[in-house]
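Welcome, and thanks for taking a look at this one with us. Please open the model in your viewer, and we will walk through it together.

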Amino acid sequence: MIESQNKVRIQSGSSSMSDLVFLLLIFFMITSTLISPNAVKLLLPESNSKTMAKQNVTVYIDESYNFQVNDIPVTPETLQTTIQAGIEPGVTDACVVLRADKNVPVQYVVNVIDAVNALNEMSPDCKHKVILATSPKK
C-alpha cells in the first residue's frame, strides 16, 4: 500500500486568540476610566423622576460648599459670568444642570438660580433654566 504524504492536520493556535482577549481587556479598561459623568463626588438627592435634559452648563456644589462650573472652580461672585461664558453664543434656552450634594443648604442652590435668572433678565429673549440633578431612588 502506498500512503499519502499529504496529511491534513487540524490545529488551532491559541496564542493569537489570547492576544486578542488581552487587547480587548486593555481597551475596555482604558475606556471605562475615561467615562466619568461626575468628576466631583457628590451624594445627590434621590428622586423617582427619570427626566433627562440636554445639559449646556453643569454647576457643581460639593459638601464643602465650593462651586464649579464645567469643572472650573468659581466663587459665588463670579458664578454668573462663568455660567454666561459656558453658554454658547446665540443659545437662548440653555439648560444649567445643578449637581449639588444633598447636604448643601438651600441658599447655595438659590444662588445658582439667581445667577441664571439674572442672565435671563439681561436679555428679554433668553429663557435659560436650572435643572436639579438627582440620583434614582433605591
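In this predicted model, helix α2 passes helix α3 in a right-handed crossing. On the side of α2, the contact is made by L79, Q80, I83 and Q84. On the side of α3, the partners are N111, V112, A115, V116, A118, L119 and M122. Sorted by character, the residues of this contact comprise eight nonpolar and three polar ones, with no charged residue among them.

How do the two helices lie relative to each other? Two packed helices are described by the angle between their axes and the distance between the axes. Here α2 and α3 pack at an angle of about 60 degrees, and their axes are 9 Å apart. Angles that are neither under 35 degrees, over 145 degrees nor from 65 to 115 degrees count as oblique, and α2 and α3 are therefore oblique to each other.

The elements that come up in this report are set out here for easy reference.

| Element | Residues |
|---|---|
| Helix α2 | 79-86 |
| Helix α3 | 106-122 |
| Strand β2 | 57-61 |
| Strand β3 | 67-69 |
| Strand β4 | 72-74 |
| Strand β5 | 95-100 |

Now to the interior. The largest nonpolar core has 19 residues, and V59, L79 and I83 are those with the most contacts inside it. Two or more residues each come from β2, β3, α2, β5 and α3. The element that gives the most to this core is α3, with five residues.

L79 is worth a click in your viewer. Leaving out residues up to four places away in sequence, L79 touches V59, F67, V69, V74, N111, V112 and A115. Of these, N111, V112 and A115 belong to the α3 side of the helix contact.

Is P73 buried or exposed? P73 lies in strand β4 and, at 65% relative accessibility, counts as exposed, because the cut-off for that class is over 50%. Apart from its neighbours within four places in sequence, P73 is in contact with F67 and Q68. P73 and V59 are 14 residues apart in sequence, and their C-alpha atoms are 9.7 Å apart in space.

Finally, a step back to the whole chain. There are three helices and seven strands, and from the N terminus on they run α-β-β-β-β-α-β-α-β-β. Of the 138 residues in the chain, 25% are buried. Among contacts between residues at least 6 apart in sequence, 70% join residues at least 24 apart.

Terms used. Residues are numbered from 1 along each chain as its sequence is written. This is a predicted model: local features need pLDDT of at least 70, side-chain atom pairs count only at pLDDT 80 or more; totals for chains, interfaces and linings use all residues. Side-chain values use heavy atoms; hydrogens and water are left out. Axes are lines fitted to C-alpha atoms, for helices over the stretch in contact, and angles run from 0 to 180 degrees between N-to-C directions. Helices (H or I, at least four residues) and strands (E, at least two) are DSSP runs, numbered from the N terminus. A crossing is left-handed if the near helix is turned anticlockwise from the far one by less than a right angle, and right-handed if clockwise. Contact means heavy atoms within 4.5 Å. Ala, Val, Leu, Ile, Met, Phe, Trp, Tyr, Cys and Pro count as nonpolar, Asp, Glu, Lys and Arg as charged, and the others, Gly among them, as polar. A nonpolar core is a set of buried Ala, Val, Leu, Ile, Met, Phe, Trp, Tyr and Cys residues joined through side-chain atoms within 4.5 Å. Buried means under 20% relative accessible area, exposed over 50%, partly exposed in between (1.4 Å probe, protein chains only).
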